[in-house]
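Q: I would like to learn how to read features of a model from its coordinates. Can we take them one at a time?

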Amino acid sequence: MGAVAVVVLAVAFAPGDPIRWALAALISSGLALWALRDVLVPVRLAADPDGITVVTGFARRRRLPWSAVERVRVDRTVRRGLRSELLEIDAGDAIYLFGAHELGALPDDVATELSALQT
């Protein structure tokens, strides 16, 4: 919807300006690619008794055995009255953060399930 909205705004406010059209095309393309990532790779985290698989970048997967996972926790923050929760997976050399939208469930529930699989 954002990609379409940018084009609609360009039609409404910049009908003859090539620079604004180029910016609108660039922004619209970026938003469309971002949305395409969510369609092509909807599952960002998978776990089994041997370890977890995380999607990094656009669609690259990284397999982590449980021995490489140092900590799994839920990071809670409140800023300007808005509360956010992120699942944080600390793998030593990298930290992976996942929101409820990326997980398809609440981070607390996923952390509980990961703890059960890890033991």
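Q: Is Leu40 buried or exposed?
A: This is a predicted model, so what follows is read from predicted coordinates. Exposed means over 50% relative accessible area. Leu40 has 54%, so Leu40 counts as exposed. Leu40 belongs to helix α2, which covers residues 18-40.

Q: Which residues make a nonpolar surface patch with Leu40?
A: In soluble globular proteins, nonpolar side chains tend to be buried together. Here some are at the surface: Leu33, Leu36, Val39, Leu40 and Phe58 form a nonpolar surface patch of about 490 Å².

Q: And the inside? Which residues touch the most other members of the largest nonpolar core?
A: That core has 18 residues, and those touching the most other members are Leu45, Ile52, Leu87, Ile89, Tyr96, Phe98 and Leu114. Two or more core residues come from each of β2 (51-56), β4 (71-79), β5 (82-90), β6 (95-98) and α4 (107-118). The element that gives the most is α4, with 3 residues.

Q: What does Leu45 touch, leaving out residues up to four places away in sequence?
A: Its partners are Ile52, Thr53, Val54, Leu87, Ile89, Phe98, Leu103, Val110 and Leu114.

Q: Where does Leu87 lie, and is Leu87 buried or exposed?
A: Leu87 is in strand β5. Its relative accessibility is 0%, so Leu87 counts as buried. Beyond the neighbours within four places in sequence, Leu87 contacts Leu45, Val72, Arg73, Val74, Tyr96, Leu97, Phe98, Leu103, Pro107, Val110, Ala111 and Leu114. A separate reading compares sequence and space: Leu87 and Asp75 are 12 residues apart in sequence, with their C-alpha atoms 6.3 Å apart.

Q: Now the charged side chains. How many salt bridges does a search of the whole structure find?
A: Side chains of opposite charge can pair when their charged atoms come close. The search finds 9 salt bridges. One pair is Asp93 and Arg62, with N to O at 3.1 Å. Asp93 sits in the loop between β5 and β6, and Arg62 in strand β3 (residues 60-65), so this pair ties together parts 31 residues apart in sequence. Asp93 is exposed, at 59% relative accessible area, while Arg62 is partly exposed, at 27%.

Q: What does the salt bridge between Arg73 and Glu88 tie together?
A: The side chains of Arg73 and Glu88 meet at 3.3 Å, N to O. Arg73 is in strand β4 and Glu88 in strand β5, so the pair links parts that are 15 residues apart in sequence. Arg73 is partly exposed, with a relative accessible area of 32%. Glu88, at 8%, counts as buried, since the cut-off for buried is under 20%.

Q: Which residue forms a salt bridge with Arg76?
A: The partner is Glu85, and the closest N and O atoms are 3.3 Å apart. Arg76 is partly exposed at 43% relative accessibility, and Glu85 is buried at 18%. As for bridges that share partners, they join Arg71, Arg73, Asp75 and Glu88 into one network.

Q: Arg73 has come up already. What else is Arg73 in contact with, beyond its sequence neighbours?
A: Setting aside residues within four places in sequence, Arg73 contacts Leu86, Leu87 and Glu88. For a longer stretch of chain, take Arg73 and Thr112: they are 39 residues apart in sequence and 9.3 Å apart in space, C-alpha to C-alpha.

Q: How should I read backbone angles, and what is the phi of Arg80?
A: Most residues other than glycine have a negative phi. Arg80 is not a glycine, yet has a positive phi of about 55°. Arg80 is placed in the loop between β4 and β5. With 86% relative accessibility, Arg80 counts as exposed.

Q: Last, the record. Which residues does UniProt list for a domain?
A: The unreviewed UniProt entry lists residues 43-118 as "domain: Low molecular weight protein antigen 6 PH". In the model, that span is 21% helix and 50% strand, and its end C-alpha atoms lie 19 Å apart. An annotation of this kind may be inferred rather than shown by experiment.

Definitions and conventions
Residues are numbered from 1 along each chain as its sequence is written. This is a predicted model: local features need pLDDT of at least 70, side-chain atom pairs count only at pLDDT 80 or more; totals for chains, interfaces and linings use all residues. Side-chain values use heavy atoms; hydrogens and water are left out. Helices (H or I, at least four residues) and strands (E, at least two) are DSSP runs, numbered from the N terminus. A nonpolar core is a set of buried Ala, Val, Leu, Ile, Met, Phe, Trp, Tyr and Cys residues joined through side-chain atoms within 4.5 Å. Buried means under 20% relative accessible area, exposed over 50%, partly exposed in between (1.4 Å probe, protein chains only). Contact means heavy atoms within 4.5 Å. Patches are made of residues with over 30% relative accessible area and no salt bridge: like charges are joined within 9 Å, nonpolar side chains (Val, Leu, Ile, Met, Phe, Trp, Tyr) within 5 Å. Accessible areas come from the Shrake-Rupley method with a 1.4 Å probe; for residues, only the protein chains shown count as cover. A salt bridge is a side-chain nitrogen of Lys or Arg within 4 Å of a carboxyl oxygen of Asp or Glu.
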